[in-house]
Structure formats: structure tokens, C-alpha cells
Amino acid sequence: MQADAQKQELKATLDELELLHRDEASALRRLSRDKIDELTDKKLALWERLRAVTAEVKPGPEDRATLERIRRL
């Protein structure tokens with residue numbers, strides 16, 4: 001049961017990171033300094049959360065598509 005919760009946490013974190021990167025790309029195109037600063041803080045928090053989650057459960061093949069999209073963003 002705990003493994004399922006960890007996998008859900010990993011998926012939720014990856015999904016949030018993907019959305020954040022999309023928002024960040026938009027903010028960079030608009031050169032919105034305040035939004036970029038806000039997103040940087042969120043990105044750092046998500047990075048820490050991702051590190052903690054992946055220490056418990058490694059991304060699997062089902063996470064590959066999301067990871068590839070994040071990498072491209």
C-alpha cells in the first residue's frame with residue numbers, strides 16, 4: 001500500500017513539474033520577472049520533493065513519457 005502511495009506521489013510531482021515548465025516557458029517569453037521568480041521558488045521546492053520521492057521509489061517505464069516531456073521543456 002505504501003508503494004502505491006509513493007508511486008502516486010511520484011506521478012503527481014512529475015505532473016506538477018511538467019506544468020511548471022510550461023508556465024515557466026510562457027513567463028520567459030513574456031519576460032515576466034515576478035512570475036519567473038515565483039516559478040523558480042516553486043521549481044526548487046518540487047526538485048526537493050522529487051529527490052525525496054525518488055529516494056523511496058525509482059521512476060519506472062510508465063513515467064518515461066512524462067520524464068521525456070520534462071526534459072524537452
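**Group meeting: a look at helix H1**

Okay, let's start with one residue, Ala27: leaving aside residues up to four places away in sequence, Ala27 touches Ser32, Lys35, Ile36 and Leu39. Keep in mind that what we're looking at is a predicted model.

So where does Ala27 belong? It's part of the largest nonpolar core, which has 12 residues in all. Ile36 and Leu39, from that contact list, are in this core too, along with others including Leu10, Leu14, Val53 and Ile70. Two elements give two or more residues each to the core: helix H1, running 2-30, and helix H2, running 33-56. If you're new to this, here's the background: in soluble globular proteins, nonpolar side chains tend to be buried together.

Now, H1 itself. This helix has 29 residues, and from its first C-alpha to its last it reaches 42 Å, close to the 42 Å expected at 1.5 Å a residue. Right after H1 comes Leu31, with a positive phi, near 55°.

Which residues of H1 are buried? Among them are Leu10, Leu14, Leu17, Leu20 and Ala27, but the list also has Gln6, Thr13, Glu18, His21 and Glu24. And what covers them? The cover includes H2 and helix H3, which is 64-72.

Let me finish on Glu24, which sits in H1. Why do we call Glu24 buried? Because its relative accessible area is 13%, and buried means under 20%. Again skipping residues up to four places away in sequence, Glu24 touches Leu39 and Lys43. With Lys43 there's a polar contact, side chain to side chain, at 2.9 Å. And Leu39 should sound familiar: Ala27 touches it as well.

Notes: Residues are numbered from 1 along each chain as its sequence is written. This is a predicted model: local features need pLDDT of at least 70, side-chain atom pairs count only at pLDDT 80 or more; totals for chains, interfaces and linings use all residues. Side-chain values use heavy atoms; hydrogens and water are left out. A nonpolar core is a set of buried Ala, Val, Leu, Ile, Met, Phe, Trp, Tyr and Cys residues joined through side-chain atoms within 4.5 Å. Buried means under 20% relative accessible area, exposed over 50%, partly exposed in between (1.4 Å probe, protein chains only). Helices (H or I, at least four residues) and strands (E, at least two) are DSSP runs, numbered from the N terminus. Contact means heavy atoms within 4.5 Å. The expected span of a helix is 1.5 Å times one less than its number of residues. A polar contact is a pair of N or O atoms within 3.5 Å; within protein, one must be able to donate a hydrogen and the other to accept it, and residues adjacent in sequence count only if both atoms are side-chain atoms.
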